[in-house]
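Q: Please take a close look at one part of this structure, then work outward from there. I want residue names and distances.

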There are 2 protein chains.
Amino acid sequence: MDDADLQRFLDELREGGGRVTTARRAIATAFLDAGGHVTVDDLASTVQAAHPEIAVSTVYRTMEALEERGLVEHLHLGHGPAVYHRSDELHHHLVCEGCGRVVEVPEETLTRFASEIAERFDFRIEARHFALPGWCATCLAAPEPPPA
Amino acid sequence: MDDADLQRFLDELREGGGRVTTARRAIATAFLDAGGHVTVDDLASTVQAAHPEIAVSTVYRTMEALEERGLVEHLHLGHGPAVYHRSDELHHHLVCEGCGRVVEVPEETLTRFASEIAERFDFRIEARHFALPGWCATCLAAPEPPPA
DNA sequence: TTAGCTGCAAAAGGTTTGCAAATTA
DNA sequence: TAATTTGCAAACCTTTTGCAGCTAA
């Protein structure tokens with residue numbers, strides 16, 4: 001993990017009048033160590049190994065605080081819990097409905113599609129908050145392929 | 001509502017060894033009357049007006065049975081409960097994260113984008129199960145526009 | 001000192017499940 | 001009759017909330 005990142009997270013927390021506590025330091029560290037697509041539950045387990053007293057609700061509230069400051073973002077991969085990732089990673093996500101595998105696709109992959117939608121439907125697609133579902137090649141070839 | 005549709009729903013239920021009960025008839029009727037994008041809760045309320053004893057769990061199980069037979073499909077519009085629609089309406093959905101408005105877009109709107117994704121990422125997008133989030137023109141112009 | 005956090009426990013939503021009793025075919 | 005459904009209640013899972021006590025600034 002990059003210590004500078006942790007520093008930045010904590011600094012930004014303080015800047016908005018927030019406080020840096022043991023829990024927040026531990027959660028931010030766990031998050032940065034994990035490197036993408038972590039659930040609150042993942043973070044809670046990691047953090048609780050060293051600090052069993054840190055509550056899940058604190059993890060929720062800490063991630064919320066980081067999100068308000070624009071440091072992290074959550075997204076929904078499908079059913080199940082939301083995952084968090086650093087907000088400086090601007091990619092979209094494809095999720096296989098068969099195996100759950102996540103494929104990251106660069107932002108600009110959607111550019112043309114998004115402007116088509118904007119033009120025809122007067123609607124600005126902002127597809128980072130929910131993953132695009134579908135089927136990966138492996139699952140398409142598998143014994144139990146997707147419906148239709 | 002089209003009586004032929006109800007008939008078809010009930011027939012298909014019977015064909016697979018399923019049974020047609022008072023509850024299922026009432027639920028199917030309520031669904032067809034509603035005409036798209038109904039939650040289980042919507043259906044339960046409608047149905048319970050005449051049959052207070054019909055349980056929500058029965059509505060879940062009935063819609064599941066209809067879905068297994070390919071008559072209906074559920075999709076997730078965002079947070080909140082899933083909605084059901086007839087599976088012969090093959091469109092995609094845009095949902096405004098500001099006001100919740102749902103815009104239906106024809107299947108083929110995604111064709112080019114989907115083949116681009118297929119080619120570049122070996123992944124078949126199947127975006128009917130989750131709506132595409134974004135912002136409608138009204139909310140974009142509103143006092144509190146979307147982040148970023 | 002005092003606004004801002006924390007832990008805990010409880011609650012809120014949406015959905016699923018177990019089971020005995022009722023019903024359909 | 002035998003297999004399927006039902007109603008009810010309880011459980012589940014993720015997330016949110018209330019609140020008294022604690023703590024960073």
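**Buried cysteines and what lies beyond**

A: Cys136(B) is buried, with a relative accessible area of 1%. This is a predicted model. Which cysteine sulfur is closest to that of Cys136(B)? The sulfur in Cys96(B) is, at 3.6 Å. A disulfide needs two cysteine sulfurs within 2.5 Å, so this pair is too far apart for a bond.

Now chain A. Cys139(A) is in no disulfide either. The nearest cysteine sulfur to that of Cys139(A) belongs to Cys96(A), 3.6 Å away. Cys139(A) is buried, with a relative accessible area of 13%. Over all chains, the count of disulfides is zero.

Next, the empty space. The structure holds one cavity of 30 Å³ or more. The volume of the largest cavity is about 30 Å³. Chain A supplies Phe130(A) to the lining of this cavity. Chain B supplies His76(B), Leu77(B), Gly78(B), Phe130(B), Ala131(B) and Pro133(B). By type, the lining has five nonpolar residues, two polar and no charged. Domain 1 (3-86) and domain 2 (91-140) of chain B each give at least three residues to the lining.

Then the DNA. Strand C has 20 residues around it. Those that come nearest are Arg19(A), Thr21(A), Arg24(A), Thr58(A) and Arg19(B). Of the strand C atoms within 4 Å of the protein, 66% belong to sugar and phosphate. Two side chains illustrate the phosphate contacts. An N or O atom in the side chain of Thr21(A) is 2.6 Å from a phosphate oxygen of strand C. For Arg24(A), a polar side-chain atom lies 2.9 Å from a phosphate oxygen of strand C. Glu53(A) uses its backbone: a polar atom there is 3.2 Å from a sugar or linking oxygen of strand C.

Strand D has 19 residues around it. The closest are Tyr60(A), Arg19(B), Thr21(B), Thr58(B) and Arg61(B). Sugar and phosphate make up 64% of the strand D atoms that come within 4 Å of the protein. Where does the side chain of Arg19(B) meet strand D? At a base: an N or O atom of that side chain is 2.6 Å from a base nitrogen. Backbone atoms reach the phosphates of strand D. A backbone N or O atom of Ala82(A) lies 3.1 Å from a phosphate oxygen of strand D. For Ala55(B), a backbone N or O atom is 3.3 Å from a phosphate oxygen of strand D.

Technical notes: Residues are numbered from 1 along each chain as its sequence is written. Chains are lettered from A and ligands numbered from 1 in the order in which they are written. This is a predicted model: local features need pLDDT of at least 70, side-chain atom pairs count only at pLDDT 80 or more; totals for chains, interfaces and linings use all residues. Side-chain values use heavy atoms; hydrogens and water are left out. On a 1 Å grid over the protein atoms alone, a cavity is a set of points where a 1.4 Å probe fits but cannot get out, and a pocket is an open set with protein on both sides within 12 Å along at least five of seven lines; lining residues have an atom within 4 Å of a point. Grid points are joined across faces, edges and corners, and a volume is the space filled by probe spheres set on the points. Ala, Val, Leu, Ile, Met, Phe, Trp, Tyr, Cys and Pro count as nonpolar, Asp, Glu, Lys and Arg as charged, and the others, Gly among them, as polar. Domain bounds come from an automatic or database domain assignment. Buried means under 20% relative accessible area, exposed over 50%, partly exposed in between (1.4 Å probe, protein chains only). A residue is near a molecule or strand if one of its heavy atoms lies within 4 Å of it. A polar contact is a pair of N or O atoms within 3.5 Å; within protein, one must be able to donate a hydrogen and the other to accept it, and residues adjacent in sequence count only if both atoms are side-chain atoms.
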